[in-house]
Amino acid sequence: MSKRFSSVQNNPTDPSLSTVFCGVDVSAATLAVAILEDGQPLEQREFANNGNGHKALIACLHKRKRRARVSLEATGIYSLDLALALDAAEQIEVAVLNPKVANRFAQTLQRSKTDSIAALVLAEYSRRMEFTAWRAPSRNGLQLRTISRHISGLSVEHTREQNRLHAAQGSADTPGCVVQDLKRSLASLERRMVKLRREAMALIQRDETLQRQFELLISIPGIAAISALQVLGELATLSPELTVRQWVAHSGLDPVHEQSGTSVHRASRISRAGSRHLRRALYMPALVAVQRDPHLRAFYELLQSRHKAKLQALIAVARKLLHAIYGIFRSQTPYDGHKLFPELIPG
């Protein structure tokens, strides 16, 4: 459902038609709020981070009878419910910022980090920077992301327990009860992951869009069902209006070049300013794809022939994979490596 705004636009000559700029610093229990309004002193408030607090904040903005632009940092479950409430409210636009983007903006203002200052920085961001309104993802997409991230956390825990078991079995002094307990822990984690993957697949099968995207993902060599579930969990909540460059920026796989004059020229690196969950989800598919897909393998080998380190080349493959996924989602056609690398391997 599209957002409704009054027909009047921002008019700097008429304060009654101006936009209210708001920043919200989100914590588990509270919302630190800063409000900038033409002709008015800075207003700083605090609300509870719960349903009643969200309603109170919206009422506080509505009483000004002007369009409001609100910026807040993405802080997972702490900010999601607030973002959904603001997005649903009339006359309010909300931007959900990557914390690193907000932090870099704060550095340009030379601001230190406190809750009240952070809220003011976010309000200034709403006023000064190009404003990209957040688009609420589908309920199924949000649920899939929650399940897939929980599975990812259990997988990390499983790896940790495997390492502990290996160390315990390597010592003659480890009591047998400890070894058996670690084995039971591993078995329990495996059962939980299997059950959650089953629930995630049931969710995907109930949603026509998610089901089609899942089928397209597994058409890519290197992406099997488990990896497809993790990747789709991260992509399902992205706005369909984003460009492929915005996808790459969201993943934090976009390259950063450091050069100053003629004396400083550091090697390029990835920004890491985006979702670590998406980067993690793409790592294993990239590793497998360079072994199973001739086009991605040729690209990987080409980079190595240009003296790129293995990890650098693998990151570039992950970035290309993201381009490929964007393409097949847009075209609704299975993966074709010739389209991604027409110059590497003749058709």
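Helices (H or I, at least four residues) and strands (E, at least two) are taken here as DSSP runs, numbered from the N terminus. With that in hand, Thr237 can be placed in the loop between α8 and α9 (244-251). The model is a predicted one, so local features need pLDDT of at least 70 and side-chain atom pairs count only at pLDDT 80 or more, while totals for chains, interfaces and linings use all residues. Residues are numbered from 1 along each chain as its sequence is written, and side-chain values use heavy atoms, with hydrogens and water left out.

Thr237 makes a handy starting point. At 12% relative accessibility, Thr237 counts as buried; the word means under 20% relative accessible area, with exposed meaning over 50% and partly exposed in between (1.4 Å probe, protein chains only). Setting aside neighbours within four places in sequence, Thr237 is in contact with Pro137, Gly141, Leu142 and Arg145, where contact means heavy atoms within 4.5 Å.

Stepping back to the whole protein chain, there are 13 helices and seven strands. The chain has 347 residues, of which 41% count as buried. Take the contacts between residues at least 6 apart in sequence: 63% of them join residues at least 24 apart. About 19300 Å² of the protein chain is exposed, and carbon and sulfur atoms supply 51% of that area. Accessible areas come from the Shrake-Rupley method with a 1.4 Å probe, and for residues only the protein chains shown count as cover.

Helix α7 (residues 208-217) repays a longer look. Its buried residues are Leu210, Gln213, Phe214, Leu216 and Leu217. Seen down the axis of α7, these fall within an arc of 160°, so they line one face of the helix; the arc is that of the directions from the helix axis to the C-beta atoms. What covers them includes α5 (139-169), α6 (176-205), α8 (225-235) and α12 (310-331). At the N-terminal end of α7, Asp207 acts as a cap, with a side-chain oxygen 3.0 Å from the backbone nitrogen of Thr209. For such polar contacts, a pair of N or O atoms must lie within 3.5 Å; within protein, one must be able to donate a hydrogen and the other to accept it, and residues adjacent in sequence count only if both atoms are side-chain atoms.

Phe214, one of the residues of α7, is buried at 6% relative accessibility. Not counting residues up to four places away in sequence, Phe214 touches Met201, Ile204, Ala225, Ala228, Leu229 and Leu232. Phe214 and Ile204 are 10 residues apart in sequence, and their C-alpha atoms are 7.7 Å apart in space.

Now for the charged pairs. Side chains of opposite charge can pair when their charged atoms come close. A salt bridge is counted when a side-chain nitrogen of Lys or Arg is within 4 Å of a carboxyl oxygen of Asp or Glu, and the whole structure holds 12 of them. In α7, Glu215 and Arg212 sit three residues apart, about one turn of the helix, and their side chains meet in a salt bridge (3.7 Å, N to O). Glu215 is partly exposed at 36% relative accessibility, and Arg212 is partly exposed at 29%. Elsewhere, salt bridges that share partners join Glu37, Glu43, Arg45, Arg64 and Arg66 into one network. One link pairs the side chains of Glu43 and Arg45 at 3.2 Å, N to O. Glu43 is partly exposed, with a relative accessible area of 23%, and Arg45 is partly exposed too, with 34%.

Helix α6 has a pair of its own: Asp181 and Arg184 are three residues apart, which separates them by about one helical turn. Their side chains meet in a salt bridge (3.9 Å, N to O). Asp181 is partly exposed at 43% relative accessible area, whereas Arg184 is exposed at 52%.

The surface also carries a nonpolar patch made of Tyr283, Met284 and Leu311, with about 310 Å² of accessible area together. Patches are made of residues with over 30% relative accessible area and no salt bridge; like charges are joined within 9 Å, and nonpolar side chains (Val, Leu, Ile, Met, Phe, Trp, Tyr) within 5 Å. Leu311 belongs to helix α12 and is exposed, with a relative accessible area of 52%.
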